[in-house]
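New to this one? Here's a quick briefing to read alongside the model, covering a pocket, the nonpolar cores and an aromatic pair.

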Amino acid sequence: MPTPILIDNPDDPRLADYREVRERDLVGRRSSFIAEGVVVLEKLIAAGRHPIRSVLVAEKRAAGLGPLLAGLPSSVETYVAPQPVMDAIVGFPIHRGVLAVGTRAEPDLETLLAALPREALVMGLIGIANHDNMGGLFRNAAAFGADAVLIDADCCDPLYRKAIRVSVGAALTTPFARGGTGEQMVDRLEAAGFSVAALSPRGDVALAELPRAARTAVLFGAEGPGLPASVMARARGVRIEMAGGFDSLNVATASGVVLHHLVANAGRLNRG
C-alpha cells in the first residue's frame, strides 16, 4: 500500500479530479468517473474492470479503511484530508468520506458480445435517461446474474456518480457496452444467436409463459414512451401481468421481475 498523502489545502492541484464534484457531474468527465462510498470502492477494487487513478478519504475514516486500501496497486495515489478540507474540495458535505477516481475501460459492443459464454443472459436498455433507474437496472442485472448490459446511444451514463451509487457498485462490475440505435442493438443480438424479448404492457406473451433460450436478451425502454415501435416489431413482446386497472411498473422494478423469472427457470439462483 502506498503511503497516504495528507492534504491540508483544498486548492492542492493534485486534487483537481475531485474539485466541485456536482458541477462536473453535469458536464461529464470524459474518460474518468467518480466512485463514492466504501461499498462502491470495494466493488471497484474487486472487479478490476476499470483502473483506479487515486483515492481520497476523510482523515477520520483512514484507519478503518487500512485493509481495503492495502489492496490498491502501488501506482494509486491515496490522499487523506480532514473532513472540512475534503468538503471544501468536493463542494458539499461528503458524509461517506470516501471517493475514488477511475479510468473508464469499456469494451465495444462486438468485443463484449464475442466474449459472452455459449449460454448467456443479456439486458438491453433503450432510451433510459434517469440515473436512478439506470443504477437500479444495473443492480438487478448483477443480483440476477445477467452476463452483460447493452446500452443504446440515447441512454444516460451508467458511470455517472449517482448511477454508480444507486447500483451499489454493480455498474462497475457488470460488463456493459454502448452504441447505436435500438434497431442496431437487435441486429447485433440476433447475429450473435440471441432470442430477443421486449418488455411492454402490450406484449403478446405473458412473462410466465416466456421460455428461457440458451441465449436470451431482454430489452427495456424508458418509462412513459417505452420501447420504440420499430424495436417492438423486431422482438417478442412480453408483458408482466398485473391486477386489473394497472398496467405498468417502474422500469427497474420490471427488470427485477423479468430477470428473476428467467434465472429461476434456468436454475441459476443461489438457494443457499
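**Quick tour**

The lining of the largest pocket is a mix: 11 nonpolar residues, six polar and four charged. Keep in mind that this is a predicted model. Here's the rest, topic by topic.

**The pocket**
- The largest pocket has a volume of about 380 Å³.
- Its lining takes in 21 residues, and those nearest the centre are Leu 199, Ser 200, Pro 201, Ser 248 and Leu 249.
- Two elements, strand S11 (215-221) and helix H12 (251-265), each give two or more residues to that lining.

**The nonpolar cores**
- The largest nonpolar core has 52 residues, and Val 55 and Leu 125 are the ones touching the most other members.
- H12 turns up again here, giving this core its largest share, seven residues.
- Leaving aside residues up to four places away in sequence, Leu 125 touches Met 134, Leu 137, Val 149, Leu 150, Ile 151, Asp 152, Cys 155, Met 185 and Phe 220.
- There's also a second, separate core of 21 residues, with Val 122, Ile 126, Met 185 and Ala 217 among them.

**The aromatic pair**
- How many aromatic pairs does the structure hold? Just one.
- The ring centres of Phe 138 and Phe 176 sit 5.6 Å apart with the planes at 85°, so this pair counts as edge-to-face.
- The pair ties together distant parts of the chain, since Phe 138 belongs to helix H7 (residues 131-143) and Phe 176 to strand S8 (residues 176-178), 38 residues apart.
- Are these two buried or exposed? Both Phe 138 and Phe 176 are buried.

Conventions. Residues numbered from 1 in each chain as written. Predicted model: local features only at pLDDT ≥ 70, side-chain atom pairs only at ≥ 80, totals over all residues. Heavy atoms only, no water. 1 Å grid on protein atoms, 1.4 Å probe; cavity = no way out; pocket = protein on both sides within 12 Å on 5 of 7 lines; lining within 4 Å. Points joined across faces, edges and corners; volume = space filled by probe spheres on them. Helix = DSSP H or I, 4+ residues; strand = E, 2+ residues; numbered from the N terminus. Nonpolar A, V, L, I, M, F, W, Y, C, P; charged D, E, K, R; others polar. Core = buried A, V, L, I, M, F, W, Y, C linked by side-chain atoms within 4.5 Å. Buried < 20%, exposed > 50% of the residue type's maximum accessible area, 1.4 Å probe, protein only. Contact = heavy atoms within 4.5 Å. Phe/Tyr/Trp six-rings, centres within 6.5 Å; stacked < 30°, edge-to-face > 60°.
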